Amino acid sequence: MKISTKGRYGLRALVDMAANSNGQPVSLTQTASRQNLSLNYLEQVFGTLRKAGIVASVKGAGGGYMLAKDISEITVKEILEALEGQFSIVNKIPDECEDEVEAAIRELVWDEIDRRVNELFQERTLGRLVEEYREKQEQAVPMYYL
């Protein structure tokens with residue numbers, strides 16, 4: 001399974017939002033502009049994230065979106081499952097008869113890949129992604145010495 005644009009944009013926008021919020025609501029217009037993403041598409045993505053309880057919308061002047069939980073509690077798995085559904089490298093067909101070879105391949109390869117990828121997604125938090133993002137930003141800033 002490939003991660004779709006919805007999953008990639010959603011994760012990217014959440015990292016940007018978390019890095020730039022300072023505890024205040026963030027406008028999707030600002031996030032879309034900073035990340036060069038479609039505002040209309042981002043609004044659809046954030047509607048899904050709001051329904052999943054990952055973000056909360058704030059109405060009125062100075063409104064926008066805020067994270068519904070601390071960044072250290074939001075996992076990549078939670079985000080991607082909200083936007084993409086459960087990860088599985090191979091689509092499982094209901095009522096499909098497996099022979100011994102297919103069952104062995106599923107158990108030893110496909111299920112193992114699923115387990116490891118899901119484990120990675122669960123270990124990675126939005127907080128860790130924000131830390132890495134900020135470190136890369138600092139490295140990209142040229143230093144001038146006088």
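In the predicted model, R115 and E119 lie 4 residues apart in helix α5, a spacing of about one helical turn. Their side chains form a salt bridge with an N to O distance of 3.1 Å. E119 is partly exposed, at 40% relative accessibility, and R115 is likewise classed as partly exposed, with a relative accessible area of 42%.

R115 also takes part in a salt bridge with E112, for which the N to O distance is 2.6 Å. E112 and R115 are 3 residues apart in helix α5, which spans residues 100–123, and are therefore separated by about one helical turn. The relative accessible area of E112 is 23%, which places this residue in the partly exposed class; the lower limit of that class is 20%. R115 thus pairs with E112 and with E119.

Side chains of opposite charge can pair when their charged atoms come close. A further pair is formed by E78 and K69, whose side chains meet in a salt bridge at 2.6 Å, N to O. Both residues are partly exposed: E78 has a relative accessible area of 22%, and K69 has one of 30%. In addition, a network of salt bridges links E98, R106, E107 and D111. Over the whole structure, the search returned 10 salt bridges, including the E78 to K69 pair and the two pairs of R115 described above.

The packing of two helices was examined next. Helix α1 comprises residues 5–20 and helix α3 residues 39–51; their axes come within 10 Å and cross at roughly 80°. Because angles of 65 to 115 degrees count as roughly perpendicular, α1 and α3 are assigned to that class. On the α1 side, the contact is made by T5, K6, Y9, G10, A13, L14 and M17. On the α3 side, the contacting residues are Y41, L42, V45, F46, T48 and L49. By class, the contact of α1 with α3 contains 9 nonpolar, 3 polar and 1 charged residues. The charged residue is K6 of α1, while the polar residues are T5 and G10 of α1 and T48 of α3. The nonpolar residues contributed by α1 are Y9, A13, L14 and M17, and those contributed by α3 are Y41, L42, V45, F46 and L49.

Conventions. Residues numbered from 1 in each chain as written. Predicted model: local features only at pLDDT ≥ 70, side-chain atom pairs only at ≥ 80, totals over all residues. Heavy atoms only, no water. Salt bridge = Lys/Arg side-chain N within 4 Å of Asp/Glu carboxyl O. Buried < 20%, exposed > 50% of the residue type's maximum accessible area, 1.4 Å probe, protein only. Axes fitted to C-alpha atoms, helices over the stretch in contact; angles between N-to-C directions. Parallel < 35°, antiparallel > 145°, perpendicular 65-115°, else oblique. Contact = heavy atoms within 4.5 Å.
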